[in-house]
Amino acid sequence: PPVPGRAPCAARRVGRILPGATGARNGTMGCVDETPGRGGVVRVVVVDDHPVVRRGLAALLGTLDGVEVVGEAVDGASAVRETQLLRPDVVLMDLAMPGMDGVEATRRIRAAAPGTAVLVLTMFDDDATVTTALAAGARGYLLKGVEQEEIARAIAAVVAGEAILGA
C-alpha cells in the first residue's frame with residue numbers, strides 16, 4: 001500500500017542520506033514498500049560498526065538470489081533511522097557497537113517497525129546475550145562464524161516468521 005506523502009519507489013530514485021548511515025546500494029534511498037519479501041526479493045539492512053565486516057556482508061548478501069541490500073548502518077541509532085526510512089524485511093544486526101548497542105536498537109526497531117525481522121549476527125555465544133537479544137525482539141541469532149548458506153536460510157526463516165538459532 002502507498003505511504004501517505006511518499007512517492008512510489010519507481011517514481012523516486014534518490015532520497016536523503018541519514019547521518020551515520022551509508023545508504024542504500026540500489027539508488028532507491030527513501031523508498032518505502034510495506035509488503036514483506038515483495039516480488040520474491042527480501043530487502044535487508046546490514047548493521048555493523050566495522051566497515052570491512054559490514055561491506056563484506058553486504059557484498060556476500062548481494063550474491064544471493066532473492067536478497068537485496070537496501071542500506072547499511074554503523075551503529076544502533078543509525079540502524080533505527082534506516083529501518084524507519086527504508087522499511088526492510090530484515091535487519092542483520094551486530095550487537096557490540098559504540099553508542100546504542102544492537103540489543104537496544106533491536107528493541108526500538110521492533111517497536112517502530114513490527115513488520116521488520118531482526119536477525120542478530122554476532123561473536124557473542126553466551127546464553128545471557130542470546131536471551132537478552134531474543135527478549136528485545138530478535139527473531140534469529142547467528143554467530144559470525146556461519147557459512148553464507150546458513151545466513152541465507154536464516155534470512156528466509158525470519159521473513160517467514162520463524163525463530164532461528166544457529167551456530
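## Exercises on a predicted model: cores and helix packing

**Exercise 1.** In this predicted model, determine which residues Leu119 touches, not counting residues up to four places away in sequence, and then place Leu119 in the nonpolar core.

*Solution.* Begin with the neighbours: with the residues up to four places away left out, Leu119 touches Val90, Val91, Leu92 and Met93, then Gly140, Tyr141 and Leu142, and further along the sequence Ala154, Ile155, Val158 and Ile164. Next, turn to the largest nonpolar core, which has 22 residues, and in which Leu119 is listed with Val44, Leu61, Ile151 and Ile155 as touching the most other members. Then ask where the members come from: β1 (42–47), α1 (51–62), β2 (67–73), β3, β4 and α5 (148–159) each supply at least two residues, and α5 gives the most, with 5 residues. Finally, this core is not alone, for a second, separate core of 15 residues includes Val70, Leu85, Leu86 and Val118. As a general background to such groupings, nonpolar side chains in soluble globular proteins tend to be buried together.

**Exercise 2.** Classify the packing of α1 against α5 from the angle between them, and name residues that meet there.

*Solution.* The axes of α1 and α5 lie 11 Å apart, and the two helices pack at an angle of about 75°. Because angles from 65 to 115 degrees count as roughly perpendicular, α1 is roughly perpendicular to α5. On the α1 side, the residues that meet α5 are Leu57, Leu60 and Leu61, and their counterparts in α5 are Gln148, Ile151 and Ile155. Of these, Leu61, Ile151 and Ile155 are also listed among the residues that touch the most other members of the largest nonpolar core.

**Exercise 3.** Work out which residues of α3 are buried, how they are arranged around the axis, and what they pack against.

*Solution.* Within α3 (residues 102–112), the buried residues are Gly102, Val103, Ala105, Thr106 and Ile109. They cover an arc of only 160° around the axis, which puts them on the same side of α3. The general geometry helps here, since an α-helix has 3.6 residues a turn, so residues three or four places apart point the same way. The elements against which the buried residues of α3 pack are α2 (76–86), β3 (90–93), β4 (117–122) and α4 (127–136). At the start of α3, lastly, a side-chain oxygen of Asp101 comes to within 3.2 Å of the backbone nitrogen of Val103.

Terms used:
Residues are numbered from 1 along each chain as its sequence is written. This is a predicted model: local features need pLDDT of at least 70, side-chain atom pairs count only at pLDDT 80 or more; totals for chains, interfaces and linings use all residues. Side-chain values use heavy atoms; hydrogens and water are left out. Buried means under 20% relative accessible area, exposed over 50%, partly exposed in between (1.4 Å probe, protein chains only). Helices (H or I, at least four residues) and strands (E, at least two) are DSSP runs, numbered from the N terminus. The arc is that of the directions from the helix axis to the C-beta atoms. Contact means heavy atoms within 4.5 Å. A polar contact is a pair of N or O atoms within 3.5 Å; within protein, one must be able to donate a hydrogen and the other to accept it, and residues adjacent in sequence count only if both atoms are side-chain atoms. A nonpolar core is a set of buried Ala, Val, Leu, Ile, Met, Phe, Trp, Tyr and Cys residues joined through side-chain atoms within 4.5 Å. Axes are lines fitted to C-alpha atoms, for helices over the stretch in contact, and angles run from 0 to 180 degrees between N-to-C directions. Angles under 35 degrees count as roughly parallel, over 145 as roughly antiparallel, 65 to 115 as roughly perpendicular and the rest as oblique.
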